[in-house]
Amino acid sequence: MNTDSALLNTLLEISEDAIIVSDECCRVLRVNPTFNKCTGLDAKEVKGRILVQHDSSSREEPLLETVEKPYGKGSSWTGLIHIRKKDGTVFTANGDILTVNDGQGNPIRHIAVLRPGTSPEGHPNDKGSRQLDPLTNLPNRFLLDDRLEQALIVSRRIKKSVALFTIGLDRFITVNDGLGFAIGDMVLKKMGERLQEASRRSDTIARLSGDIFSLVMAVTSDNDTVLLAEKILKIISEPFFVVEGNEVIMTASIGISIFPADGEDAASLLKRSESAMRHAKKTGGKKYQFFAGEMNTRAKHRIETENNIRHALEQNEFLLYYQPKIDTKNEAIIGAEALIRWNNPARGLIPPGEFIPIAEESGLILQVGAWVLRRACKQCKDWLDEGLKPIRISINVASHQLRSSDFADQVIAALKETGIPPNLLELEITESNMMDNSIACMKVLQTFRDRGIHISIDDFGTGYSCLSYLSRFPITTLKIDRAFVNNLQDSNNAEVTRAIISLSHSLKLDVIAEGAEVADQVKFLGIHGCTVVQGFFYSKPVSAEVFEKMLRVGYIRKG
Ligand code: C2E
Ligand code: MG
Ligand code: MG
């Protein structure tokens, strides 16, 4: 090592500034120990990442975010810099980004130097007490603005939404007036604690003023927001035991604005969520209100459907349809998939796509799924008792069910109660559900396999299974997703279908194709070694009565 590089190493080691060195293309080469201390990120985790965004078309998330003005490659730059730390929070400091040129003026290195303790939040060690609300210890309005700005910067980059909640207590004045300020303060403190309890670690909760709180969350789907709003309303309305014998029940009104739909900057988002909150209060409180009307309609629809599902369970409005699975070699019915339908008195037969996702989000799928399991097993038993040919019935299992601790017991109980042989039951689990619950899933599926229950991966090909992992799951069947089967004229789909069939052969698994609608598709599948098919070509899902008639015949002649 020459003297210069030894000197450079020492400077990097001892510097109290966080230093990042990148190559001429702005790819990170090395960082110093202070950088590691400030962000929790080590050299391995950041090496090769792009230092700053200098090409607006790039979708790569840079290591540093510069706010006031962009860093122009080749220039030197001073200003406020943000870095997302390893724990997901943001480290902010003032700093410089410099370009080192060679003798001809060509850039050879870019260096970022950040000075810890120089952000408007103050030194990291003084915990920014200036910006914490003394009563609740939550961020105050000033800090909220800052956090919201930071969330918007990140969200703009990764093209995600942010929800801003303004949460106001209903009739808080009656607590203050009736029970005194001390109790009022205690309620506000507890309210802050409850909000923290209801939210995720990555959300920011702040107290804006009086009885008004704010929450900032990164959003992946509309339902994230609705679920959190419902959770907050629920948790707040639990009684507060402020002092012995003094129970206080509070309710809240929540206004929600969404970035970018309701505003591009912090100020307009705050204004709009406050206005939505006032509207919620004016119309009786104890509710949440989106700034955008369309979101309210969707949220309302969701709540209505949820209540209707509860009602449907009580009133026995669900029923199962059956779609035959056919052995294409002799066109015999060898099984059926049980598919739920909702016989709604007002609307007629509702397909699962309209209510299963809502049942899944609300957790009601546990009850719906338990009903499906029992009903399918009972139907299988009835057909056996009638002397019909034994066929395997498959049911769809949702992610919630897989995670529920008593799912295995439920399945075993259903088999025991009906007395059907376990190998006549098949559980269809989608690829993503299986992967999401991989560890828990592996164990419970093994219990099922040990008893002889069949397990298939539904919609195979649409998820991102790790193939080596797949071979370790105790499964029996791959079910090729209908998106491939239905579009075999597309050479990519045909190729994927062929690959899945050959994968199933090499893993010694059964394979079934879902969604075959025309003879050519069935022919293609047969030629490539998939001779079990479920699709409209043979039959749509039909009622139990119609299916029973099909089963009496035993096959569906098409050839
Ligand atoms: P899935 O499990 O992949 O079920 C197959 C779906 O494909 C069924 O739609 C079926 O009608 C449809 N299908 C079958 N062959 C063809 C075809 O040739 N062409 C076309 N266009 N479609 C075909 P369905 O009954 O509307 O069910 C949709 C989804 O709802 C199911 O997809 C499943 O994910 C879910 N589902 C249905 N019943 C239940 C249930 O009891 N529990 C749970 N958790 N989910 C269910
Ligand atoms: Mg299925
Ligand atoms: Mg499927």
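Guide: A residue is called buried when its relative accessible area is under 20%. The structure shown here is a predicted model.

Visitor: Which residues of helix 9 are buried?

Guide: In helix 9, the buried residues are M295, N296, A299, R302, T305, E306, I309 and A312. Among the elements that cover them are helix 7 (222–236), strand 13 (287–290), strand 15 and helix 11 (365–385).

Visitor: How do you know what span to expect of helix 9 (residues 293–315)?

Guide: The expected span is 1.5 Å times one less than the number of residues. With 23 residues, helix 9 is expected to span 33 Å, and from its first C-alpha to its last it reaches 32 Å, which is close to that value. After helix 9 comes N316, with a positive phi near 60 degrees.

Visitor: Why is E337 called buried?

Guide: The cut-off is under 20%. E337 has a relative accessible area of 2%, so E337 is buried. E428 also counts as buried, at 1% relative accessibility.

Visitor: What makes E337 a donor of the magnesium ion (ligand 2)?

Guide: A donor is an N, O or S atom within 2.8 Å of the metal. The OE of E337 coordinates this ion together with N396 (OD1), E428 (OE) and D458 (OD), at 2.0 to 2.2 Å, and these qualify as donors. Along the chain their spacing is E-x58-N-x31-E-x29-D. E337 lies in strand 15 (residues 332–344) and E428 in strand 18 (residues 425–430), so this pair ties together parts 91 residues apart in sequence.

Visitor: Which residue coordinates both the magnesium ion (ligand 2) and the magnesium ion (ligand 3)?

Guide: D458 coordinates both, and the two ions are 4.0 Å apart.

Technical notes. Residues numbered from 1 in each chain as written. Chains lettered and ligands numbered in written order. Predicted model: local features only at pLDDT ≥ 70, side-chain atom pairs only at ≥ 80, totals over all residues. Heavy atoms only, no water. Donors = N, O, S within 2.8 Å, 3.2 Å for Na, K, Ca; no water. Helix = DSSP H or I, 4+ residues; strand = E, 2+ residues; numbered from the N terminus. Buried < 20%, exposed > 50% of the residue type's maximum accessible area, 1.4 Å probe, protein only. Contact = heavy atoms within 4.5 Å.
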